[in-house]
Amino acid sequence: MPLVEAIEQQQEELTRWRRDIHAHPELGFEEHRTSEFVAAKLEEFGVQVHRGIGGTGVVGVLRVGNETKSIGLRADMDALPILEENTFDHRSRHDGHMHACGHDGHTVMLLGAAKYLSESRNFRGQVNFIFQPAEEGIGGAKAMVEDGLFRDFPCDILFAMHNAPGMPVGSFGVKKGVVTAAGAFFDIEIKGRGAHGAYPQHGVDPVVVGAQMVNAIQSIVSRNVGPTEAAVVSITQFHAGDAYNVIPASAHLSGTARTFSKSVMERVQERMTELAETVAAGFGATAEVDFRTIFHPVVNDENAADVAGQVCDGLVGSDNVRRDLSAGTGSEDFSFMLEEVPGCYLLIGNSDDDHQRPVHNPGYDFNDRALSGGASFFAKVVERHLEAE
């Protein structure tokens, strides 16, 4: 079962679609042009289209026969607030917005599969093509679920994939269990008492409090998380004051935390809140912590991962399917969908000599050579799960 020949023959068209989307990036919940592009293509293929799911999300439904079995395939559509450095013709037309994570490619891979399946119809049951908005940390998957995604479009099993720079084109990665980390953002507001820089004894310096707090928070991983568990806590912002000779009245810390379980994330949140409040109190200041868990861990179902691996083996050969992947500390909000329906989140290789940049980099570009492989996976996993008798 090599790549689907009919999909490979669409390579030029898929590339044209992908570059069009790349040139017109839209941030989360603002994917109006992209959603309409997707909806128009699905309607052109004869797929039933449902707009406005979870904001700017789109669901296409394709049914063959009267069987009740169903499958969901998900692609994300949003871009990032990054100024693109590339100079090729399909570079971003919107300064400060860029498809730096490959969601343009993910969208087109799913469109390619939808076109093929609508023409071949070699399955029995229902396929739900899920085009998700706002994956990049602002809750698109959760919004679709809360908007009745699986109530209105039931799925027995789910699949999604992400491109992987560092893995060669023509390869896949499939892992059972935890694939990506839970992710949280936090803000800590420190309130002291302002004073003249020459008379610090008249104030409560929030900068000193913040400096001590940064050091204290680093102890959470080393002293409150077990050695066989894993967590990352990073302070990424420290804001205070705007004058040389004024001790400010407040300071602000921000950052991110990543863990491979929800229980460890809860422990990080509890300990951070305790440390921030007690460190501040020790200096006569106060601290308020706003800790927001944005992503849960992506946990692949064992059976779904087996199915995905077998399909990938058939497409590219088992030597080109990595099963030794370690869980990554990046995060992905497909986790919220997998908490509702068993499924698998897999990786597809994106690298060759011309595509070496990592995602979220201003010089990144999705590798169009991966489009037919991703579309072929989506098509074949449908034909396997909804096999026609």
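**First stop: helix H9**

Start by selecting residues 262–282, which form helix H9. With 21 residues at 1.5 Å a residue, H9 should span 30 Å, and its end C-alpha atoms are indeed 30 Å apart, so the two values agree. As you look around, keep in mind that this is a predicted model.

Now colour the buried residues of H9: Val 264, Met 265, Val 268, Met 272, Leu 275, Ala 276, Val 279 and Ala 280. Around the axis they cover an arc of only 115°, which means they sit on the same side of H9. Turn to the other side of the helix and you will find Glu 270, Thr 278 and Ala 281, which are exposed.

What do the buried residues of H9 pack against? Show these elements one by one:

- helix H7 (206–217) and helix H8 (219–224)
- strand E8 (182–191) and strand E10 (231–240)
- strand E12 (250–259) and strand E13 (286–295)

Before leaving, step just past the end of H9 to Gly 284, where phi is positive, at about 85°.

**Second stop: the largest pocket**

Next, select Cys 101, His 162, Gly 330, Ser 331 and Val 359 together. Among the 36 residues that line the largest pocket, these are the closest to its centre. The space in this pocket is about 750 Å³.

Then add three strands to the view: E5 (158–168), E7 (177–180) and E16 (343–351), each of which gives at least two residues to the lining. Which strand supplies the largest share of the lining? Strand E5 does, with five residues. If you colour the lining by class, you will see 17 nonpolar, twelve polar and seven charged residues.

**Third stop: two loops with positive phi**

Go now to Arg 121, in the loop that joins helix H4 (103–120) to strand E4 (125–132). Its phi is near 50°, a positive value in a residue other than glycine. Is Arg 121 buried, partly exposed or exposed? With a relative accessible area of 39%, Arg 121 is partly exposed, because that value falls between the 20% and 50% cut-offs.

Follow the chain through E4 to the loop between E4 and helix H5 (140–146), and select Ala 134 there. Ala 134 is not a glycine either, yet it has a positive phi of about 55°. Is Ala 134 buried or exposed? Ala 134 has a relative accessible area of 0%, so it is buried.

Notes
Residues numbered from 1 in each chain as written. Predicted model: local features only at pLDDT ≥ 70, side-chain atom pairs only at ≥ 80, totals over all residues. Heavy atoms only, no water. Helix = DSSP H or I, 4+ residues; strand = E, 2+ residues; numbered from the N terminus. Expected span 1.5 Å × (residues − 1). Buried < 20%, exposed > 50% of the residue type's maximum accessible area, 1.4 Å probe, protein only. Arc of directions from axis to C-beta. Contact = heavy atoms within 4.5 Å. 1 Å grid on protein atoms, 1.4 Å probe; cavity = no way out; pocket = protein on both sides within 12 Å on 5 of 7 lines; lining within 4 Å. Points joined across faces, edges and corners; volume = space filled by probe spheres on them. Nonpolar A, V, L, I, M, F, W, Y, C, P; charged D, E, K, R; others polar.
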